[in-house]
Amino acid sequence: MSAHEQFAEDLALHALGALQGEERAALEKHLETCSACRLELDQLRGDIALMATATVGPKPPQRARQRLLDAISKAPRVPTVVQARSRFNWAAALGWAAAALMFVVVVQLRRENFGLRESVNKLAQLTSQQTIEVANAQRVMDTLTASDTQAVTLVVAKGRPQPQGKAFYLKNKSGLVFVANNLPQLPPDKIYELWLIPPGAAPIPAGLFKPDARGNATVVNPPGLPAGVEAKTFAVTLESASGPHDAPHGTGVMQGGA
Amino acid sequence: MSSADAKVVSPDLALVSAIRAGDASAMASLYDRYSSVVYAVALRVLGDTGAAEDIQQEVFMQLWRNPSAFDASRGNLGAWLAVITRNRSVDALRKRRPETDPEDVVLSVVPDMAGQADRSRVAEKVRGVLSGMPATQRAALEMAYYQGMTHTEIASKTGEPLGTIKTRIRAGLIALRKAFEA
């Protein structure tokens, strides 16, 4: 059976003219775009025609034949071909031209309709995919930055955890995620500052941060970071909380080459 | 197909072609060929000889006025007339405006019924399938077909679930189709 299962029984009812209301409207809308169901509907109508042939009954009375022939004689048909050759009917021609124009417009509109429908479907798929990606990204960010995230540093057995940081940098999108742990608590009026140091150029400020009570800190996409800058080194310095913060003035805490 | 066969024109097509040209005698021939099935269907639905005659007249006049409504590529003429008659009769029975445009009636996989022998063979086979159905299924199908009842009305009348009625009707029609696919 080629028709969609959810419409299968309604198709049979529709073929019999027994489907009404919302069910009928929903099926007719579906039929506009589903050739498989249209074919199934045609087949069901064929099945209905079979039932007609099994209908038995008396023959029509003889007067019915004469009645038909009388009606025909009073409503003679003018063969279409003769009429077309005998006189050019401008009104009819204009009517046909208008009908042809309408047909072209309808065909075009149907094409556009299908095109738009395809675009909507693609956008819906894209949106769905992006929603999943955003959710994944948010989950990663939550894991990295949430206050209740367990951050565990693995060191050589019997060694003491040392301050350390990891910078994840995507230069083309100015994306930077910095995660630090085991940082010493800040003295009063002091603050840590992250620096992005390009090759052969001055350090670029990449965010101020304070560690939490466990010495953990994060910097996520600091504002003002220019796009496309090559990073040779990342560094953290201990700066005065009141600034200035445009260039390193304090002491170095950690650094690492990209 | 031989070249001789290729020249054979279906009697129905020849009649419709003559009707298109305004030949009233072709209409009489067509009436002689199909009036029994048209009248039988109309009478079975309406149960009144006068009303059945009116529907028969209406169906044949419709074809006379607009023979182009029948497209031979969409099914055979006998089946097409039978479906139009059934639909028009149900509309009359239920006192509603005609809902089916004859030009929209497309029939697939209907066996050829141009000859009287063909029609008798098909009718016998259909009656065999119908008589072999469970009585409840045949009743649901006939109520929908001959009385134009909706599935809701049938369910209300028989006291059975809507879904059961739907399934019976569809299964009944499919059973008819399968009998001719075998």
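Strand β6 of chain A, residues 233–240, is joined to β7(A) by 6 bridges, and the two strands run antiparallel. Within this pairing, A:T233 stands opposite A:G257 of β7(A). The model is a predicted one. Beyond the sheet, chain A touches chain B, with 41 residues of chain A in contact with 57 residues of chain B.

**The sheet in chain A**

- The strands β4, β3, β6 and β7 of chain A form an open sheet of 4 strands, in the order β4-β3-β6-β7.
- Pairing in this sheet is antiparallel.
- At the edges of the sheet lie β4 (204–209) and β7 (251–257) of chain A, each of which pairs on one side only.
- On average, and with direction ignored, neighbouring strands of the sheet are turned by 25° against each other.

**The side of chain A that touches chain B**

- Three helices of chain A, namely α1 (5–15), α3 and α4 (62–74), each supply at least two residues of the side that touches chain B.
- Helix α3(A) gives the most to this side, with 13 residues.
- By class, the residues on this side of chain A are 24 nonpolar, 9 polar and 8 charged.

**Helix α3 of chain A against helix α9 of chain B**

- Two packed helices are described by the angle between their axes and the distance between the axes.
- The axes of α3 of chain A (residues 35–53) and α9 of chain B (residues 162–181) come within 9 Å and cross at roughly 80°.
- Angles of 65 to 115 degrees count as roughly perpendicular, and α3(A) and α9(B) are therefore roughly perpendicular to each other.
- From α3(A), the contact is made by A:Q43, A:L44, A:D47, A:I48, A:L50 and A:M51.
- From α9(B), the residues that make the contact are B:L173, B:L176 and B:R177.
- The contact of α3(A) with α9(B) has 6 nonpolar residues, 1 polar residue and 2 charged residues.

**Chain B**

- Chain B has 9 helices and 0 strands.
- Along the sequence, the pattern of chain B reads α-α-α-α-α-α-α-α-α.
- Chain B has 182 residues, of which 39% count as buried.
- Of the contacts in chain B between residues at least 6 apart in sequence, 65% join residues at least 24 apart.

Conventions. Residues numbered from 1 in each chain as written. Chains lettered and ligands numbered in written order. Predicted model: local features only at pLDDT ≥ 70, side-chain atom pairs only at ≥ 80, totals over all residues. Pairing = 2+ DSSP bridges. Axes fitted to C-alpha atoms, helices over the stretch in contact; angles between N-to-C directions. Parallel < 35°, antiparallel > 145°, perpendicular 65-115°, else oblique. Contact = placed C-beta atoms within 7 Å. Nonpolar A, V, L, I, M, F, W, Y, C, P; charged D, E, K, R; others polar. Buried ≥ 20, exposed ≤ 12 C-beta atoms within 10 Å, placed from the backbone.
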